[in-house]
Amino acid sequence: MFSNLRIGHGYDVHRLVEGRRCIIGGVDIPYERGLLGHSDADVLVHALADAILGACRGGDIGKLFPDTDPAYEGADSMVLLARVMDYARELGFEFVDADCTIACQQPKITPHRDAMRANLAHALGVDVENVGVAATTTEKLGWEGQGEGIGAWAVCLLQKTVKE
């Protein structure tokens, strides 16, 4: 009955360091440190891309865009997310819904949440109501709470298109 529905789960983490921009959900957040990575290190986008790839059984973001490939150095993760969704569509899947959570003590996410949702929806080619973004602190516990890095989780639902 529901054989055309697929769920996917993604998780990503990046270290906070001096001298980098803090881009989360396609929003360049003013902050004294940024996320370290081969691309722009957008932790939220990477988690969502992995969720989509998991749902369509397409591997993970590192398979499509390896960090050993100089072509992706400094890459805009929103562009990569759009390419991931194009890949899922090529496999016969349409995006239904996603919910994402960002874990960090700082910077504050709430002022940027609506822009993040809009950016993600735009990259995916879906309505903003189909993309949720929430944030949590860890009450100063763990590496997120100590300000060492930022983690993000995402779940998504895809539907396999039925050809008549």
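In this predicted model, helix α3 passes helix α4 in a right-handed crossing. The α3 helix covers residues 77-90 and α4 covers residues 113-124, and their axes come within 8 Å of each other, crossing at roughly 40°. An angle between 35 and 65 degrees falls outside the parallel and perpendicular classes, so α3 and α4 end up oblique to each other. On the α3 side, the residues that do the touching are Met78, Leu81, Ala82, Met85 and Arg89, and they meet Asn119, Leu120, Ala123 and Leu124 of α4. Sorted by class, this contact of α3 with α4 comes out at seven nonpolar residues, one polar and one charged. Asn counts as polar and Arg as charged, so the polar entry is Asn119 and the charged entry is Arg89.

Helix α4 also has dealings with α1, the helix of residues 43-55. Here the axes come within 12 Å, again with a crossing of roughly 40°, so α1 and α4 are oblique to each other too. The crossing of this pair is right-handed. From α1, the residues Leu44, Val45, Leu48 and Ile52 reach Met116, Leu120 and Leu124 in α4. The class tally for α1 against α4 is seven nonpolar residues, with no polar and no charged ones. Leu120 and Leu124 turn up in both sets of contacts: they meet α3 residues and they meet α1 residues.

On to the cysteines. How many disulfides does a search of the whole structure find? The count is zero. For Cys100, the nearest cysteine sulfur belongs to Cys156 and sits 8.7 Å away. A disulfide would need the two sulfur atoms within 2.5 Å, so Cys100 stays unpaired at that distance. Cys100 is buried, its relative accessible area being 0%. Cys156 is likewise in no disulfide, and the cysteine sulfur nearest to its own is that of Cys56, at 8.2 Å. With a relative accessible area of 3%, Cys156 is buried as well.

The backbone has a few quirks worth a look. Most residues other than glycine have a negative phi, and most peptide bonds are trans. Against that background, the peptide bond joining Gln106 and Pro107 is cis, with omega at about 0°. Pro107 lies in the loop that runs between β5 (93-103) and α4.

Two positive phi values show up in another loop. Glu139, not a glycine, has a phi of about 55°, and Lys140, also not a glycine, has one of about 65°. Glu139 is in the loop between β6 (131-136) and α5, and Lys140 is placed in the loop between β6 and α5 too. Are these two residues buried or exposed? Glu139 is exposed, at a relative accessible area of 64%, and Lys140 is exposed at 55%.

Lys140 leads on to Gly145, which sits in helix α5 (residues 142-145). Setting aside neighbours within four places in sequence, the contacts of Gly145 are Gln105, Thr138 and Lys140. Gly145 is buried, with a relative accessible area of 9%, whereas its contact partner Lys140 is exposed. As for its distance from α1, Gly145 and Leu53 are separated by 92 residues in sequence, and their C-alpha atoms are 29 Å apart in space.

How values were computed:
Residues are numbered from 1 along each chain as its sequence is written. This is a predicted model: local features need pLDDT of at least 70, side-chain atom pairs count only at pLDDT 80 or more; totals for chains, interfaces and linings use all residues. Side-chain values use heavy atoms; hydrogens and water are left out. Axes are lines fitted to C-alpha atoms, for helices over the stretch in contact, and angles run from 0 to 180 degrees between N-to-C directions. Helices (H or I, at least four residues) and strands (E, at least two) are DSSP runs, numbered from the N terminus. Angles under 35 degrees count as roughly parallel, over 145 as roughly antiparallel, 65 to 115 as roughly perpendicular and the rest as oblique. A crossing is left-handed if the near helix is turned anticlockwise from the far one by less than a right angle, and right-handed if clockwise. Contact means heavy atoms within 4.5 Å. Buried means under 20% relative accessible area, exposed over 50%, partly exposed in between (1.4 Å probe, protein chains only).
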